[in-house]
Amino acid sequence: MITLIGLGPMGQAMVRVLLENGHGVTVWNRTAARADGVVAAGAVRAETPADAVSASELVLLSLTDYAAMYDILGKAEDALAGKVIVNLSSDTPEKTREAADWVKARGAQFVAGGVMVPAPLVGKEEAYVFYSGPTDVFEKYRDILALIGRADFLGEDVRLAQLFYQAQLDIFLNALSAFLHATALIRSAGVPIAKFLPYAKENYAMMDFYLEAAAEQVEKGEHPGDEANVTMMGASADHIVQASRDAGIDVVLPEAIKAHYDRAIAAGHGRSSWTSLYEVIKEGRE
């Protein structure tokens, strides 16, 4: 038996995948009606969080954030000893570490996870999940966890799953906003988006061309600017800001990107590759 707490779209998708693969699943959700569909499919409804935790050694959490974990498992503290809590919710690496300490202090073991696909792709070939925590605990349940998606174990530092998860979302969310900003720029001239879409798709498909060389330069701390230096690309960043202002659309995103180039130039990286932006990004800003 496996317990799953949290029945939003992601949690429901996980329950269905586990049921389809022959596992018994006990479920609990704050809004009880959300369990109706998976109970009809064969899951067992628990009446309380304590009942849900008591039902299984392996307890999966699919919640909005880690604060919800404390709220729910705080009502089941007496049932936690000897359990394995796999938290598949989203939060920061530091909050993950704090959560692991909280769970361990109550006699349970903790594995962090980050699911890198939307609910419709859970259990499909495209799905993968980052995990971190005690190696022996993860390995014990690897085959079950792999039903959700490819299980990529990152190591014993429990923060790593959320670090990789948030880094991937950093790319994803910025890419989505960039597309919508470019769309607004195009549509400001009355051009239908369908005319621009093929070019946008080509642009995104070509991004992997840049990544390996960029990663190598960042790793070495060397940023040769013989092809695309910061001053040149910073001028393009400025042009995007100006074009956005002229079009009357939001400039927050292009101004943020321009700020990176401005700071890199001020730090003496004007003739270096665009990858030298990393040197100012990593230092943060007050």
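The following paragraphs describe the overall build of the chain, its nonpolar cores and the surroundings of two buried polar residues, Asn-29 and Lys-83.

The model is predicted. The chain has 286 residues, of which 41% are classed as buried. Its secondary structure consists of 12 helices and 8 strands, and the C-alpha trace extends over about 60 × 45 × 30 Å along the principal axes. Among contacts with a separation of 6 or more, 62% join residues 24 or more positions apart. The exposed area of the chain comes to about 15400 Å², with carbon and sulfur atoms contributing 55%. The chain carries 25 positive and 38 negative charges, and the mean positions of the two sets are 4 Å apart.

The largest nonpolar core comprises 35 residues, and the most contacts inside it are made by Val-15, Leu-60, Val-86 and Tyr-131. At least two residues of this core come from each of the strands β1 (2–5), β2, β4 (58–61), β5 (84–87), β6 (109–115) and β7 (128–132), and likewise from each of the helices α1 (9–20) and α6 (135–145). Helix α1 provides the largest share, with 6 residues. Another core, apart from this one, contains 30 residues, including Ala-52, Tyr-66, Ala-108 and Tyr-128.

Asn-29 is located in the loop that runs from β2 (25–28) to α2 (36–40). The relative accessible area of Asn-29 is 12%, which is under 20%, and the residue is therefore classed as buried. Two polar contacts to backbone atoms involve its side chain: the backbone nitrogen of Leu-7 is reached at 2.7 Å, and the backbone oxygen of Thr-31 lies 2.9 Å from a polar atom of the Asn-29 side chain. Beyond neighbours within four places in sequence, the residues in contact with Asn-29 are Gly-6, Leu-7, Gly-8 and Arg-34. Leu-7 thus appears both in this contact list and as a polar partner through its backbone nitrogen.

Lys-83 occupies the loop between α4 (66–73) and β5. With a relative accessible area of 13%, Lys-83 also falls under 20% and so counts as buried. When residues up to four places away in sequence are set aside, Lys-83 touches Val-53, Ser-54, Ser-56, Glu-57, Gly-107, Ala-108 and Gln-109. One of these, Ser-54, has its backbone oxygen reached by the Lys-83 side chain at 3.5 Å. Ala-108, another residue touched by Lys-83, belongs to the core of 30 residues. The C-alpha atoms of Lys-83 and Phe-110 are 8.7 Å apart, with their positions 27 residues apart along the chain as the sequence separation.

Terms used. Residues numbered from 1 in each chain as written. Predicted model: local features only at pLDDT ≥ 70, side-chain atom pairs only at ≥ 80, totals over all residues. Heavy atoms only, no water. Helix = DSSP H or I, 4+ residues; strand = E, 2+ residues; numbered from the N terminus. Buried < 20%, exposed > 50% of the residue type's maximum accessible area, 1.4 Å probe, protein only. Contact = heavy atoms within 4.5 Å. Areas by Shrake-Rupley, 256 points an atom, 1.4 Å probe, with all protein chains shown as cover. Lys, Arg positive; Asp, Glu negative; His and termini not counted. Charge placed at Lys NZ, Arg CZ, Asp CG, Glu CD. Polar contact = N/O pair within 3.5 Å; in protein donor to acceptor, adjacent residues only side chain to side chain. Core = buried A, V, L, I, M, F, W, Y, C linked by side-chain atoms within 4.5 Å.
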